[in-house]
Amino acid sequence: QVRLVESGGGLVQAGGSLRLSCAISGRTISTYLMGWFRQAPGKEREFVAAITWSGGTPYYADSVKGRFTISRNNAKNTIDLQMSSLKPEDTAAYYCAATNDLSDVRSPNVYRYWGQGTQVTVSS
């Protein structure tokens with residue numbers, strides 16, 4: 001079993017920055033793909049970014065490319081999402097997820113393990 005716990009959400013003004021962290025515990029995850037998704041009220045859960053635990057090439061949604069950076073913190077055993085130049089449309093609950101299915105890194109359907117989510121609110 002893999003346990004994921006997100007932290008770092010909050011309220012920020014447009015143009016500001018936030019750093020989310022996903023703490024990972026449980027079974028060995030060295031072969032896992034780690035992803036960040038978000039879901040705004042009334043909308044479907046959407047892909048934000050992903051990276052393999054082994055540290056391969058990251059993947060980003062077009063809407064966040066150049067503004068968000070996903071990274072692995074070996075010392076803390078976390079997957080972090082640095083978010084900059086935040087916009088009101090980035091407001092959502094952000095979820096960390098893990099999978100060993102690499103068939104479609106952008107689909108929430110292939111991710112087996114999920115955190116409880118952390119809220120990010122960007123004011124205009």
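Leaving out residues up to four places away in sequence, Arg38 touches Glu44, Arg45, Glu46, Val48, Ser63, Val64, Phe68, Glu89, Asp90, Ala92, Ala93 and Tyr94. The model is a predicted one. The chain in which Arg38 sits has eleven strands and zero helices. The points below take Arg38 to begin with, then the aromatic rings, the whole chain and three further residues.

**Arg38**

- Arg38 belongs to strand E4.
- The relative accessible area of Arg38 is 5%, under the 20% limit, so Arg38 counts as buried.
- The side chain of Arg38 makes a polar contact of 2.9 Å with the side chain of Asp90.
- A polar contact with the side chain of Tyr94, also made by the side chain of Arg38, has a length of 2.9 Å.
- Asp90 and Tyr94 are both among the residues that Arg38 touches.

**Aromatic rings**

- Five aromatic pairs turn up in a search of the whole structure.
- One of them joins Phe37 and Phe47: the ring centres are 5.7 Å apart and the planes stand at 75°, which makes the pair edge-to-face because the angle is over 60 degrees.
- Phe37 is part of strand E4 (residues 33–39) and Phe47 is part of strand E5 (residues 46–52), so this pair ties together parts that are ten residues apart in sequence.
- Phe47 is buried, and so is Phe37.
- For Phe37, the relative accessible area is 0%.
- Phe37 also pairs with Trp114, with ring centres 5.2 Å apart and planes at 55°, so that pair is tilted.
- Since Phe37 lies in strand E4 and Trp114 in strand E10 (residues 113–114), the tilted pair ties together parts 77 residues apart in sequence.
- Trp114 has a relative accessible area of 26% and is therefore partly exposed.
- Phe37, Phe47, Tyr111 and Trp114 form a cluster linked by ring pairs.

**Arg45 over two rings**

- Which ring faces does Arg45 lie over?
- One is the face of Tyr95, where Arg45 is at 3.9 Å from the ring centre.
- Another is the face of Trp114, where Arg45 is at 4.7 Å from the ring centre.
- Trp114 is a member of the ring cluster, and Arg45 is one of the residues touched by Arg38.

**The chain as a whole**

- In sequence order, the pattern of the chain is β-β-β-β-β-β-β-β-β-β-β.
- A compact globule of 124 residues would have a radius of gyration near 14 Å, and the 13 Å of this chain agrees with that.
- The C-alpha trace spans about 40 × 30 × 25 Å along its principal axes.
- Buried residues make up 45% of the 124 in the chain.
- Among contacts with a separation of 6 or more, 59% are between residues 24 or more positions apart.
- The exposed area of the chain is about 6,300 Å², of which carbon and sulfur atoms supply 45%.

**Arg3 and Ala23**

- Arg3 is placed in strand E1 (residues 2–7), while Ala23 is placed in strand E3 (residues 18–26).
- Arg3 has a relative accessibility of 54% and so counts as exposed.
- Ala23, with a relative accessible area of 35%, is partly exposed.
- Apart from residues up to four places away in sequence, Arg3 touches Ala23, Ile24 and Ser25.
- The C-alpha atoms of Arg3 and Ile24 lie 5.8 Å apart in space, with their positions 21 residues apart in sequence.
- Ala23 is in contact with Arg3, Leu4, Val5, Asn77 and Thr78, once neighbours within four places in sequence are set aside.
- From Ala23 to Asn100 the C-alpha distance is 17 Å, and the two are 77 residues apart in sequence.

**Ser71**

- Ser71 is located in strand E7 (residues 68–73).
- The relative accessibility of Ser71 is 23%, so Ser71 counts as partly exposed.
- With neighbours within four places in sequence set aside, Ser71 is in contact with Arg19, Thr78, Ile79 and Asp80.
- Thr78 is also in the contact list of Ala23.
- Ser71 and Gly15 are 56 residues apart along the chain, and their C-alpha atoms are separated by 21 Å.

Technical notes
Residues are numbered from 1 along each chain as its sequence is written. This is a predicted model: local features need pLDDT of at least 70, side-chain atom pairs count only at pLDDT 80 or more; totals for chains, interfaces and linings use all residues. Side-chain values use heavy atoms; hydrogens and water are left out. Rings of Phe, Tyr and Trp (its six-membered ring) pair if their centres lie within 6.5 Å; planes under 30 degrees apart count as stacked, over 60 as edge-to-face and the rest as tilted. Helices (H or I, at least four residues) and strands (E, at least two) are DSSP runs, numbered from the N terminus. Buried means under 20% relative accessible area, exposed over 50%, partly exposed in between (1.4 Å probe, protein chains only). A charge sits over a ring if NZ of Lys or CZ of Arg is within 6 Å of the ring centre and within 35 degrees of the ring normal. A polar contact is a pair of N or O atoms within 3.5 Å; within protein, one must be able to donate a hydrogen and the other to accept it, and residues adjacent in sequence count only if both atoms are side-chain atoms. Contact means heavy atoms within 4.5 Å. The radius of gyration is taken over C-alpha atoms; the globule rule is 2.2 Å times the number of residues to the power 0.38. Accessible areas come from the Shrake-Rupley method with a 1.4 Å probe; for residues, only the protein chains shown count as cover.
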